Amino acid sequence: DLMADDTGVCPGSTVHFTDLSINTPTSYQWSFPGATPAGSNQQNPTVQYQEQGTYDVTLIVETADGMDTLTLPGYITVYAPPPAEAGVDEALCMGDTAQLQASGGVTYQWFPATGLSNDAIAAPLAFPQTSTSYTVLVTDANGCQASDNMVLSVQPLPTVVASAGNNTICLGDTAYVVAVGAQLYTWSPNLFISGLSGAAVHVWPTSTFTWNVTGTDAFGCTKDTIVTINVVPPPMAPMITNMGMQLSSTVANGYQWFLEGEAIAGAIAQTYAPLVNGNYSVVITDANGCSAQSLPLYFGTAGLHTLSTAPVRAYPLPASEQLVVEGAPINASLRLISAAGASVWTGKAQRDRTVIDLRTLASGAYVLEVSDTAVERVPVIKQ
């Protein structure tokens, strides 16, 4: 007779056989089809089975009574290995979580365990910091094992940067903001902005304001950044001082002089010596690049003086819909000049008083110029 320590084994397992013969055999000849080795003359040999199937075992012994043969058909069963599956390879963005999904067994063990919520279940959550190859060891009900592996490829997040140069604008200006580092961009909130998508937008905040920019790359990975546009106020409107034959502006970083609203080429100093009579103004620029414009000042070699014994009077001040002018000589030329030096209304003085319609004019500071044989100027404020 004979005995094996295990008659049902997994591929790759070893089986130890024991001779139970009587009559004290003097020789042994074992036959193990499908095993390694396939035969042995030891009394109690050990062999290994690699392939699934059922296998016979034969033992021939020689005793004082002669030869005796024992064959056990299908005595050894080698089970099929479990169909281990670790799942398909995946790509995920840095910081995202993936769920692994193994199958084919009753118990599971994942390697490496780092970055897994539980390394001893079929479907743990994985949150790797770098691309990682995971191997799962699957064990079935027979205790047989097999393994499979899958790769989680971790994609870095895009580096999103949004800028409008030095991110500082003057009140009333518009900034051109450009985002780089991704393929698609979304912007929020929807305030003071030309659109909510695209790499470039125009913004016009009325005070310092911040937007969020979300960039998405080719892998679908996203990263947020913010862009803050600082809004600085314009400088105080400059004052022009008539120094005789020269006009002087209050101190600033930059200057541009105008005659009748037209820029004078090369007139970029604090002072300017007029070459002709007319209305002069100056635009100054401060250290932030913001600008402000003065009220126009008339420069004339004949000087400024009152046109009549009674001074010209304009009312109400400030005015809203109409401006009443009194004291101007009949048919004297009247001109209303904006802060930019442009003529916005012209007419002739009427007897007693002249009424000027202001309804179409923007609110702000103006100058009423009355001219006949000389010139008189009256400041006007329109609400």
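With -100 degrees about the S-S bond, the disulfide of C170 and C290 is left-handed, where a disulfide is a pair of cysteine sulfur atoms within 2.5 Å. That link opens a short set of exercises. This is a predicted model, in which local features need pLDDT of at least 70 and side-chain atom pairs count only at pLDDT 80 or more, while totals for chains, interfaces and linings use all residues. Residues are numbered from 1 along each chain as its sequence is written, and side-chain values use heavy atoms, with hydrogens and water left out.

**Exercise 1. Place the link of C170 and C290 in the chain.**

Step 1: start from the sulfur atoms of C170 and C290, which are 2.0 Å apart.

Step 2: find the two ends. C170 belongs to strand β17 (residues 168-170) and C290 to the loop between β28 (278-285) and β29 (291-293), so the disulfide ties together parts 120 residues apart in sequence. Strands (E, at least two residues) and helices (H or I, at least four) are DSSP runs, numbered from the N terminus.

Step 3: check burial. C170 and C290 are both buried; buried means under 20% relative accessible area, exposed over 50%, and partly exposed in between (1.4 Å probe, protein chains only).

**Exercise 2. Describe the disulfide of C93 and C221.**

Step 1: the sulfur atoms of C93 and C221 lie 2.0 Å apart.

Step 2: the torsion about their S-S bond is about -95 degrees, so the link of C93 and C221 is left-handed.

Step 3: C93 sits in strand β10 (residues 90-93), whereas C221 sits in the loop between β21 (209-216) and β22 (222-232), so parts 128 residues apart in sequence are tied together.

Step 4: a relative accessible area of 10% makes C93 buried, and a value of 1% makes C221 buried.

**Exercise 3. Describe the disulfide of C10 and C144, then work out the pairing of the bonded cysteines.**

Step 1: between the sulfur atoms of C10 and C144 there is 1.9 Å.

Step 2: their S-S torsion is about -95 degrees, so the disulfide of C10 and C144 is left-handed.

Step 3: this pair links distant parts of the chain, with C10 in the loop between β2 (8-9) and β3 (13-19) and C144 in the loop between β14 (132-139) and β15 (145-155), 134 residues apart.

Step 4: C10 and C144 are both buried.

Step 5: the structure holds 3 disulfides. Numbered in sequence order, the bonded cysteines pair as 1-3, 2-5, 4-6.

**Exercise 4. Characterise the overall form of the chain.**

Step 1: count the elements, which come to 0 helices and 37 strands.

Step 2: the radius of gyration is 49 Å, well over the 21 Å that the globule rule gives for 383 residues, so the chain is more spread out than a compact globule. The radius is taken over C-alpha atoms, and the rule is 2.2 Å times the number of residues to the power 0.38.

Step 3: look along the principal axes, where the C-alpha trace spans about 165 × 40 × 25 Å.

Step 4: turn to burial, where buried residues make up 37% of the 383 residues.

Step 5: consider contacts (heavy atoms within 4.5 Å). Among those between residues at least 6 apart in sequence, 51% join residues at least 24 apart.
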